Amino acid sequence: MSADNAMDVQRAAEARRRGLRRIDLRRLGRAALLGPGTRDRLPGAIEHLIKVHRARHPQAGPEAVETLRRAYVLAESSHRGQTRKSGEPYITHPLAVTLILAELGAETTTLTASLLHDTVEDTDVTLDQVREEFGAEVTYLVDGVTKLEKVDHGAAAEPETFRKMLVATGSDVRVMSIKLADRLHNVRTLGVMRPDKQARIAKVTRDVLIPLAERLGVQALKTELEDRVFAILHPAEYARTQAMIAANAERPDLLATIAEDLRKVLREADIAAEVAIRPRHAVSVHRLLLKRGGAQLGGGDFGRLLVLVGEDADCYAVLGELHTCFTPVIAEFKDFIAAPKFNLYQSLHTAIADGRGRIAEVLVRTRQMHRVAEAGVIALGDPHATAEHLQAADGTAPPAAGGAGRTAARSAVAEAWGRVDPTQPGWLARLLEWQRDAPDPDTFWSALRDDLAQDREITVFTAEGGDASGTIRLPAGASCVDAAYAVHGEGGRRCIGVRVNGRLAPLGTRLRDGDSLQLLLDDAAASHPAAEWLEHATTPAARIAITRWLAEHPAPVDDDQPAAAPAARPARAASSVPSAQPVAVADLPGAAVRLARCCTPVPPDAVTGFVIRGGAVTVHRVECPSTARMTAAGRTSVPVGWRDVTPAGGYRATVLAEALSRPRLLADLTEVIATEGVGIVSAAVEPPQEHRVRHTYTVELPDPQALAGLMRAMRAVPGVYDVYRAKPAVTACRS
Ligand code: MN
């Protein structure tokens, strides 16, 4: 049995045994290749492709089906007579590639281009012909893949190769999606190649394609590529890892036991959730082994528990149960919902110990987050489409009124896309900028490597200067600001300088594995974080602390800058403003208004306005300290009044709950909020002091009336003794 087959059989058995739900790309790849590959079997394959596509995109109509059929007919007839190295008809390749993409939920245009992706390079078909028959968009994608193909023939890991790839594909991530699926199928069928050629392709895949898959968030593709590359480049270690996985499968299944406990806990708490076991792939097991310095892995190490729920708020409810009914390993807790990863990945990560101290890692996410986690940018569909389309691409209905959690998730995705340019994820735009600015390929390459390292952890040594000497672990890419908050908690705001490896460095400096760090602190209690620290902070702990401090201490200049959010699409934002203004300004009927973030006004709060730069008006609550401060500073207020218009996305409000600490409190509060139909934008829990805790929730209200009901419902939660709106403290304001 070849290593490939052994891996397939072993994994399939594992997946069956554990009832795993993940996208199985291999199963589909094989469906296209069933039988000896005679052509008369193939029309069945295009039917299968269409079936898979329509399962993901029920709205794909007869027109889409017809386009795919025509693309298939053109590809099949033009590749006719060509064979793969294995002897199979060439058409099996574009078909298998397209099936991979269809299973990941790619839209019709990508699939059409994928069927045609090798025609222009390898057959008589011309770009003009493709344009005539399939239009400009498909042509653009086919052309991009063709160019990429040429670049890819360069040597592995050469900076110039990567740079050219980025240029070839930079303007559309769909080109890269096709390239990745193409590579996956080629790597699957590498067995027929000479060993040296196998190794060369495996190395390019490792150095270039896998980081791309990671960046684009296409987890399902990345993990299979990783395992296959590992098997080719390190056959002995691969075999050893597989043997460990097989041996573990023979032992009693610890994760299944914990999963059953967890299901029971969630049933009793009346939370609708699915609990599944996700086995780690071989490379993941191997990495864990390296991380543990070769120490024996336990039963809980070969997989993770995956909890799938319906709404964002349910994630926090599940977390509340996990952390009260089991013993949480707090160091392992990460909130990628409040702070999504660069590749749009969202989930809560935690680890729990059961009654016997056996530890399991747990991932909690909604089904929509799960789709994005598995298929990344491919799940998001057409990058040019609107947020509503993104949701529809998932096959889910648009959220009903009150589905505010879902709205929040959707707008987070849309926001992530729109951050720089709707056709490019932020990191891609950044890379393109770098490659333009980099003085030479080496500089570019090292910058790129740093950027790709982001998902790892680093160890930093802290010393002297009043710091507790020791080591801290941070996500790779963390800055000195992150380190300051990691070491000093809230006290990180007193950081005024750092030495990295003995040299003074800016606070925004990104730390590297093994750096030694000395934090210089200001003794004055009044020292504070600067707004730009947020640009340097990547860890949730630092971001949350800085955001909270800034919200509680609004500075006149910072706070009154016009809203930055619509920067990506200024034209659209400007044109949509007049219709959605929730506030009328008496003297300036056309002025754009903005609800101040420091006091989050909601009707019928008494409010007042101040004209800020660019003629916009910022609206504060009358009792907000900013109002008093600006009045004292001689700024003239303008009379404003609420209109009966709810802004898109509803009203934001920050609500604090004070309570006696008890198990299930977090779960009960988040559940009440969800029941009221209110979405949670962010949540923070301060550590208990003398059994009292304070929870801070920033919520999105579907309408202003919801606020009173929400606060009433929160007050009714047992143990809660006070619920109130965020009120910046007057005494804490900057002079
Ligand atoms: Mn190809």
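This text walks through a predicted model of a protein, from its overall make-up to single residues.

The protein has 735 residues, and 52% of them are buried. Its chain forms 29 helices and 21 strands. Many of its contacts link distant parts of the chain: among contacts between residues at least 6 apart in sequence, 68% join residues at least 24 apart. The outside of the protein exposes about 32500 Å², and carbon and sulfur atoms supply 54% of that area.

The interior comes next. In soluble globular proteins, nonpolar side chains tend to be buried together. Here the largest nonpolar core holds 60 residues, and the members that touch the most others are Leu101, Leu104, Leu115 and Leu116. Several helices give two or more residues to this core, among them α3 (42-56), α4 (62-79), α5, α6 and α8 (127-152). Also on that list are α10 (173-188), α11 (195-215) and α12 (219-233). Another core, of 28 residues, lies apart from this one; it includes Ala317, Leu319, Phe326 and Leu348.

Which residues coordinate the manganese ion? The donors are His93 and His117, each through NE2, together with Asp118 and Asp182, each through OD. The distances run from 2.0 to 2.4 Å. Along the sequence, the donor residues follow the spacing H-x23-H-D-x63-D. His93 belongs to helix α5 (residues 92-103), whereas His117 sits in the loop between α6 (108-115) and α7, so this pair ties together parts that are 24 residues apart in sequence. Both histidines, His93 and His117, are buried.

Helix α7 covers residues 119-122 and contains Val120. Is Val120 buried or partly exposed? With a relative accessibility of 21%, Val120 counts as partly exposed, because the cut-off for buried is under 20%. Beyond its neighbours within four places in sequence, Val120 is in contact with Val125, Thr126, Leu127, Val130, Val142 and Thr146. Asp143 is 23 residues from Val120 in sequence, yet the two C-alpha atoms are 8.0 Å apart in space.

A residue in a strand can be described in the same terms. Thr366 lies in strand β6 (residues 359-366) and is buried, with a relative accessible area of 3%. Not counting residues up to four places away in sequence, Thr366 touches Leu308, Val309, Gly310, Glu311, Asp312 and Cys315.

Aromatic rings are another feature to look for. A pair of aromatic rings is described by the distance of the centres and the angle of the planes. The count for this model comes to four aromatic pairs. One of them joins Phe230 and Tyr238, with centres 5.7 Å apart and planes at 85°, an edge-to-face arrangement. Phe230 is buried at a relative accessible area of 7%, and Tyr238 is buried too, at 4%. Trp642 and Tyr651 have ring centres 5.9 Å apart and planes at 80°, so they also form an edge-to-face pair. Here Trp642 is partly exposed, at 22%, while Tyr651 is buried, at 1%. A ring can also have a charged side chain over it: Arg84 lies over the face of Tyr90, at 6.0 Å from the ring centre.

The backbone has some details of its own. Asp270 has a positive phi of about 65° although it is not a glycine. It lies in the loop between α14 (254-268) and β1 (274-279), and Asp270 is exposed, with a relative accessibility of 68%. Thr600 likewise has a positive phi, near 35°, without being a glycine. Thr600 is buried, however, with a relative accessible area of 9%. Where in the chain is Thr600 found? Its place is the loop between β13 and β14. Pro604 lies in the loop between β13 (593-595) and β14 (607-611) as well, and a cis peptide bond, with omega about 5°, joins Pro603 and Pro604.

Further along the chain comes helix α27 (residues 625-632), whose buried residues are Pro625, Ser626, Thr627, Arg629 and Met630. After α27 comes Gly634, with a positive phi near 90°.

Conventions:
Residues are numbered from 1 along each chain as its sequence is written. This is a predicted model: local features need pLDDT of at least 70, side-chain atom pairs count only at pLDDT 80 or more; totals for chains, interfaces and linings use all residues. Side-chain values use heavy atoms; hydrogens and water are left out. Helices (H or I, at least four residues) and strands (E, at least two) are DSSP runs, numbered from the N terminus. Buried means under 20% relative accessible area, exposed over 50%, partly exposed in between (1.4 Å probe, protein chains only). Contact means heavy atoms within 4.5 Å. Accessible areas come from the Shrake-Rupley method with a 1.4 Å probe; for residues, only the protein chains shown count as cover. Rings of Phe, Tyr and Trp (its six-membered ring) pair if their centres lie within 6.5 Å; planes under 30 degrees apart count as stacked, over 60 as edge-to-face and the rest as tilted. A charge sits over a ring if NZ of Lys or CZ of Arg is within 6 Å of the ring centre and within 35 degrees of the ring normal. Donors are N, O and S atoms within 2.8 Å of the metal (3.2 Å for Na, K and Ca); water is not among the atoms, so sites may look incomplete. A nonpolar core is a set of buried Ala, Val, Leu, Ile, Met, Phe, Trp, Tyr and Cys residues joined through side-chain atoms within 4.5 Å.
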